[in-house]
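Visitor: I am new to this structure and would like a close look at a single part of it. Please pick one sheet, follow it strand by strand, and then show me how the rest is arranged around it.

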Amino acid sequence: MVDLKVNLCGIQLDNPIIPASGTFGFGYEFAELYDINMLGTFSFKGTTKDARFGNPTPRIAECTAGMINAVGLQNPGVDKVIGEELPKLSKCFNKKVMANVSGFAIEDYAYTCRLLDKEEQVGWLEVNVSCPNVHGGGMSFGTSPEAAAEVTKAVKAVTTKPIIIKLSPNVTDIVSVAKACEEAGADGISLINTLLGMRIDLKTKKPVIANTMGGFSGSAIFPVAVRMVYQVANAVKIPVVGMGGVTTAEDVIEMMLAGATAVQVGAANLVNPYACRDIINDLPKAMEKYGISSLKEIIGGCK
């Protein structure tokens with residue numbers, strides 16, 4: 001019998017599989033398809049202080065081995081998430097959930113995190129300083145070690161639950177940003193968010209999406225994600241949540257060998273809504289194939 005359990009910032013997960021924010025809504029939609037309690041947990045839709053309609057359409061573009069999106073943090077705002085979305089979720093998910101938070105000013109992050117920190121079902125706060133699809137805030141905080149540290153300090157000052165900072169791959173030195181967050185009090189690091197990408201319509205000779213550029217995700221970015229997870233995991237002492245192009249149980253094992261304690265699955269959910277279920281079901285067989293009896297024992301096993 002293989003052991004899939006891992007411990008993320010003091011909370012035990014039945015397995016390391018976490019649907020990534022923006023690809024799993026608020027969970028209850030997927031609960032109509034399968035029992036989402038089989039997940040380790042999931043990161044719900046990125047939440048901001050105020051409601052956001054998001055970017056103009058079109059905001060999705062297909063590309064080889066992936067997709068580009070510029071949804072722009074469309075969400076109902078933190079008050080409705082607490083008042084409407086979490087009560088719906090509690091009826092179908094009996095585990096702690098990861099709350100993904102974004103903002104346009106440090107005060108926004110602190111305000112939203114303070115409110116979500118009080119919610120019993122929230123286990124972790126995943127603070128997104130890496131969204132490439134909004135103007136102002138978002139990724140601008142994650143491209144500077146100093147700015148990322150400021151956000152970290154601000155949210156740590158108003159919360160009691162583990163803070164996981166989600167970083168952008170669109171930087172020259174990912175390690176310096178991660179270390180700055182650790183020094184500022186982060187309990188974990190989450191990476192990578194999407195790479196910045198673009199497509200052009202040959203007929204119109206204009207960008208395919210209205211925002212011109214957007215976040216490139218999908219299996220094509222997996223090697224970049226593994227590299228960055230490896231670099232960060234070897235530079236910090238706090239847990240790393242790895243993501244970026246994960247589509248199979250073998251990808252999960254590879255990401256954990258690179259240093260990830262838990263693994264998020266993103267774009268694959270948009271292609272196959274059963275992606276996370278299938279990966280969890282496939283993990284024991286993949287572990288046996290590679291002689292792995294316990295996942296927690298392979299974390300950072302690539303030297």
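Guide: What follows is a walk along one sheet, then a few stops elsewhere in the chain.

Two notes on reading come before the tour. This is a predicted model, in which local features need pLDDT of at least 70 and side-chain atom pairs count only at pLDDT 80 or more, while totals for chains, interfaces and linings use all residues. Residues are numbered from 1 along each chain as its sequence is written, and side-chain values use heavy atoms, with hydrogens and water left out.

The protein's secondary structure comes to ten helices and 15 strands. Here helices (H or I, at least four residues) and strands (E, at least two) are DSSP runs, numbered from the N terminus. Our sheet is an open one of seven strands with parallel pairing, in the order β3-β15-β14-β9-β8-β7-β6. Two strands are said to pair if DSSP finds at least two bridges between them. At the edges stand β3 (17-19) and β6 (97-101); each has a single partner strand, so one side of each is left without a neighbour in the sheet. From one strand to the next, the twist averages 30 degrees. Angles such as this one run from 0 to 180 degrees between N-to-C directions, and the axes are lines fitted to C-alpha atoms, for helices over the stretch in contact.

Let us start at the β6 edge. β6 and β7 pair in the parallel sense over five bridges, and Asn100 stands opposite Glu126 in β7. Together with helix α3 (residues 106-117), these two strands make a right-handed β-α-β unit. Right-handed has a set meaning: with the strands pointing away from the viewer, the path from the first strand over the helix to the second runs clockwise.

One step further in is β7 itself. This strand (residues 122-128) pairs with β8 (residues 163-166) in the parallel sense over four bridges, and Leu125 is placed opposite Ile163 in β8. β7 is mostly covered, with seven of its seven residues buried. Buried means under 20% relative accessible area, exposed means over 50%, and partly exposed is in between (1.4 Å probe, protein chains only).

At the other edge, helix α10 (residues 275-289) packs on the sheet and touches both β3 and β15 (262-265). The direction of α10 makes about 175 degrees with that of β3.

A loop residue, Thr41, has links to parts of this sheet. Thr41 is placed in the loop between α1 (28-31) and β4 (60-63), and counts as buried because its relative accessibility is 0%. Leaving aside neighbours within four places in sequence, its contacts (heavy atoms within 4.5 Å) are Leu13, Ile17, Ile18, Pro19, Phe93, Lys96, Val97, Met98 and Trp124. The Thr41 side chain also reaches the backbone oxygen of Lys96 at 2.6 Å. That is a polar contact, a pair of N or O atoms within 3.5 Å; within protein, one must be able to donate a hydrogen and the other to accept it, and residues adjacent in sequence count only if both atoms are side-chain atoms.

There is another open sheet to find, with four strands in the order β4-β5-β13-β10 and antiparallel pairing. Its edge strands, β4 and β10 (195-197), each pair on one side only. The twist in this sheet averages 35 degrees from one strand to the next. Three bridges join β10 to the antiparallel strand β13 (residues 214-217), where Gly214 is the bridge partner of Gly197.

Some backbone details are worth a stop. The loop holding Thr41, between α1 and β4, also contains Pro58, and the Thr57 to Pro58 peptide bond is cis, with omega near -5 degrees. A cis bond also runs from Leu191 to Ile192, with omega near 10 degrees; Ile192 sits in the loop between β9 (188-191) and β10. In the loop between β4 and β5 (66-69) you will find Ala65, which has a positive phi of about 55 degrees although it is not a glycine. Ala65 counts as partly exposed, at 39% relative accessibility.

Stepping back, 57% of the protein's 303 residues count as buried. Among contacts between residues at least 6 apart in sequence, 72% join residues at least 24 apart. The C-alpha trace spans about 55 × 50 × 40 Å along its principal axes.
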